[in-house]
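Take a look at the chain below. We will walk through it from the overall fold down to single residues.

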Amino acid sequence: MTPEFPGVPEPEKPHPDLLAVLPRITQLSAAFTKGRLAERATEAAGFALDRPAMGVLLSLRTAGKPLRIGEIADRMQVVGPHVTRQVQALEKRSLVRRVADPRDRRASLIEPTGTGAEAADRYVAALLGWFAEALTDWPQQDRDDLARLLARLVDDVTARLARLDEDAES
């Protein structure tokens, strides 16, 4: 069969198992969005923060150490100026602070304040509580399998996308 678009190869036939997964991923994403899961968790944290600001706090909290703006951006998969604006807004609210980078005097690192760490912890607790309720009837083995396979999927997809970005830059 001739491709509809000259010079564009025909797509391979998708594997039926993968074809069944894509609508489920879309359905899950839509359920999170429609259910306002992130917004509800933010409300439970007790801070009026938008999703990007909470993303910065979560990135810092899960890192367990101060990070440079670029490192936060990499973890969030966004560009540096976006993170810089979020950090500035979080600084004004005393949720993060800049600290000297011991390896480079010209650079600064960002770390959560006690209040910022507490907000991130409450946000995570709200999310984990919601997921725990959703999975409460699952056997432990199923929960373990979900965690293992989801981590593998995220790692593989992230690595593949990084390779695509590298190829595009070459």
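What follows goes from the whole chain to one helix, then to a few residues.

This is a predicted model. The protein chain has 7 helices and 2 strands. Along the sequence, they come in the order α-α-α-α-α-β-β-α-α. The radius of gyration is 20 Å, well over the 15 Å that the globule rule gives for 170 residues, so the chain is more spread out than a compact globule. Along the principal axes, the C-alpha atoms fill a box of roughly 60 × 50 × 30 Å.

Burial and contacts add to that picture. Of the 170 residues, 24% count as buried. The accessible surface of the chain comes to about 12,500 Å². Carbon and sulfur atoms own 57% of that surface. Now take the contacts with a separation of 6 or more: residues 24 or more positions apart account for 50% of them.

Next, helix H5. H5 covers residues 80-92, which makes 13 residues. What span should H5 have at 1.5 Å a residue? The expected value is 18 Å, and the end C-alpha atoms are 19 Å apart, which agrees.

Which residues of H5 are buried? They are Val83, Gln86, Val87 and Leu90. These four cover an arc of only 100° around the axis, which puts them on the same side of H5. The spacing has a general background. An α-helix has 3.6 residues a turn, so residues three or four places apart point the same way.

The buried residues of H5 have several partners. They pack against helix H3 (51-63) and helix H4 (69-76). They also pack against strand E1 (96-101) and strand E2 (104-112). The face turned away from this buried side carries exposed residues: Pro81, Arg85 and Lys92.

Gln88 is another residue of helix H5. Its relative accessibility is 39%; Gln88 therefore counts as partly exposed, since that class lies between the buried limit of 20% and the exposed limit of 50%. Gln88 and Ala53 are 35 residues apart along the chain. Their C-alpha atoms are separated by 10.0 Å.

Now the loops on either side of H5. Most residues other than glycine have a negative phi. Two loop residues here take a positive value. Gln77 has a phi near 60°, and Ser94 also has a phi near 60°. Gln77 is found in the loop between H4 and H5. Ser94 lies in the loop between H5 and E1, just after H5. Are these residues buried or exposed? Gln77 is exposed, with a relative accessible area of 60%. Ser94 counts as partly exposed, at 46% relative accessibility.

Two buried polar residues come next. Start with Ser59, in helix H3. At 7% relative accessibility, Ser59 counts as buried because the limit for that class is under 20%. What does Ser59 touch, not counting residues up to four places away in sequence? Its contacts are Leu67, Ile72, Arg75 and Met76. Ile72 and Arg75 are among the positions spanned by helix H4, residues 69-76.

Thr42 is found in helix H2, residues 37-45. Its relative accessibility is 8%, so Thr42 is buried as well. Leaving out residues up to four places away in sequence, Thr42 touches Phe47, Leu49, Met54 and Tyr123.

Last, the aromatic rings. How many aromatic pairs does a search of the whole structure find? The search finds 1. The pair is made by Trp130 and Phe131, whose ring centres are 4.9 Å apart. Their planes stand at 90°, so the pair is edge-to-face. Trp130 is partly exposed, with a relative accessible area of 39%. Phe131 counts as partly exposed too, at 31% relative accessibility.

To retrace the route: the chain is more spread out than a compact globule. Helix H5 keeps Val83, Gln86, Val87 and Leu90 on the same side, with Pro81, Arg85 and Lys92 on the face turned away. The loops that hold Gln77 and Ser94 flank that helix. Ser59 in H3 and Thr42 in H2 are the buried residues to inspect alongside H5.

Technical notes:
Residues are numbered from 1 along each chain as its sequence is written. This is a predicted model: local features need pLDDT of at least 70, side-chain atom pairs count only at pLDDT 80 or more; totals for chains, interfaces and linings use all residues. Side-chain values use heavy atoms; hydrogens and water are left out. The expected span of a helix is 1.5 Å times one less than its number of residues. Buried means under 20% relative accessible area, exposed over 50%, partly exposed in between (1.4 Å probe, protein chains only). The arc is that of the directions from the helix axis to the C-beta atoms. Contact means heavy atoms within 4.5 Å. Rings of Phe, Tyr and Trp (its six-membered ring) pair if their centres lie within 6.5 Å; planes under 30 degrees apart count as stacked, over 60 as edge-to-face and the rest as tilted. The radius of gyration is taken over C-alpha atoms; the globule rule is 2.2 Å times the number of residues to the power 0.38. Accessible areas come from the Shrake-Rupley method with a 1.4 Å probe; for residues, only the protein chains shown count as cover.
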